[in-house]
Amino acid sequence: MKYVDNLFDWAVGVYDEFCNDSYRIESAHDYKTGVTIVYDLKTGKSAFSKCRKDEEFSEEIGVAVAYTRLKGREVPKERKKILLKNLAVGEEFSLFSSPKNTFYVVGENPLKSAEVIAIHTQTGNLCRFDYYSEVYKIN
């Protein structure tokens with residue numbers, strides 16, 4: 001999985017690439033539903049992206065996600081610095097020291113205060129973390 005610290009900054013770079021390729025690639029947006037469709041006029045292939053309901057629509061991000069999918073590349077996930085105690089059960093995070101290792105919050109440790117229990121997504125192992133650890137929240 002690929003991660004970026006700022007999805008909009010990533011999107012602006014990809015949007016520029018899309019604009020340079022626009023002689024044969026077009027986009028269409030539905031601002032009401034947050035859907036962006038990008039299609040290749042030469043091959044007839046298309047790809048789309050959909051804005052999440054809790055986010056404001058961004059043409060740049062919509063085009064970048066759809067264009068990246070059209071090109072067969074991986075769309076990165078955005079990560080944000082946050083205190084572990086502010087994550088809800090089920091939310092995904094990674095550590096600064098090893099951002100490729102991701103975890104899901106299971107809950108607070110009932111036997112030890114100020115400790116969070118999480119599951120390592122690759123191995124399924126239970127792990128314990130300090131409640132006040134600063135981590136990357138993965139969206």
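The following exercises, with worked solutions, concern a predicted model.

**Exercise 1.** Determine which residues and elements line the largest pocket, and how the lining divides by class.

*Solution.*
1. Begin with the volume of the largest pocket, which is about 450 Å³.
2. The lining comprises 19 residues, and those closest to the pocket centre are Leu7, Lys50, Glu55, Ile61 and Val65.
3. Assign the lining to secondary structure: β4 (46–50), α2 (59–70) and β5 (77–83) are the elements that each give two or more residues. Helix α2 supplies the largest share, namely four residues.
4. Sort the lining by class: seven residues are nonpolar, five are polar and seven are charged.

**Exercise 2.** Establish the strand order of the seven-stranded sheet and locate its edge strands.

*Solution.*
1. The order is β1-β5-β10-β6-β7-β8-β9, in an open sheet with mixed pairing.
2. The edges are β1 (3–4) and β9 (126–130), since each of these strands pairs on one side only.
3. Examine one pair within the sheet: β6 (residues 92–94) and β7 (residues 102–108) are antiparallel and share three bridges. Across this pair, serine 94 faces threonine 102 of β7.

**Exercise 3.** Explain why cysteine 51 forms no disulfide, and decide whether this residue is buried or exposed.

*Solution.*
1. A disulfide requires two cysteine sulfur atoms within 2.5 Å.
2. The closest cysteine sulfur to that of cysteine 51 belongs to cysteine 19 and lies 19 Å away, so the separation is too far for a bond.
3. The search of the whole structure likewise returns zero disulfides.
4. The relative accessibility of cysteine 51 is 18%. The limit for buried is under 20%, and therefore cysteine 51 counts as buried.

Definitions and conventions: Residues are numbered from 1 along each chain as its sequence is written. This is a predicted model: local features need pLDDT of at least 70, side-chain atom pairs count only at pLDDT 80 or more; totals for chains, interfaces and linings use all residues. Side-chain values use heavy atoms; hydrogens and water are left out. On a 1 Å grid over the protein atoms alone, a cavity is a set of points where a 1.4 Å probe fits but cannot get out, and a pocket is an open set with protein on both sides within 12 Å along at least five of seven lines; lining residues have an atom within 4 Å of a point. Grid points are joined across faces, edges and corners, and a volume is the space filled by probe spheres set on the points. Ala, Val, Leu, Ile, Met, Phe, Trp, Tyr, Cys and Pro count as nonpolar, Asp, Glu, Lys and Arg as charged, and the others, Gly among them, as polar. Two strands pair if DSSP finds at least two bridges between them. Buried means under 20% relative accessible area, exposed over 50%, partly exposed in between (1.4 Å probe, protein chains only).
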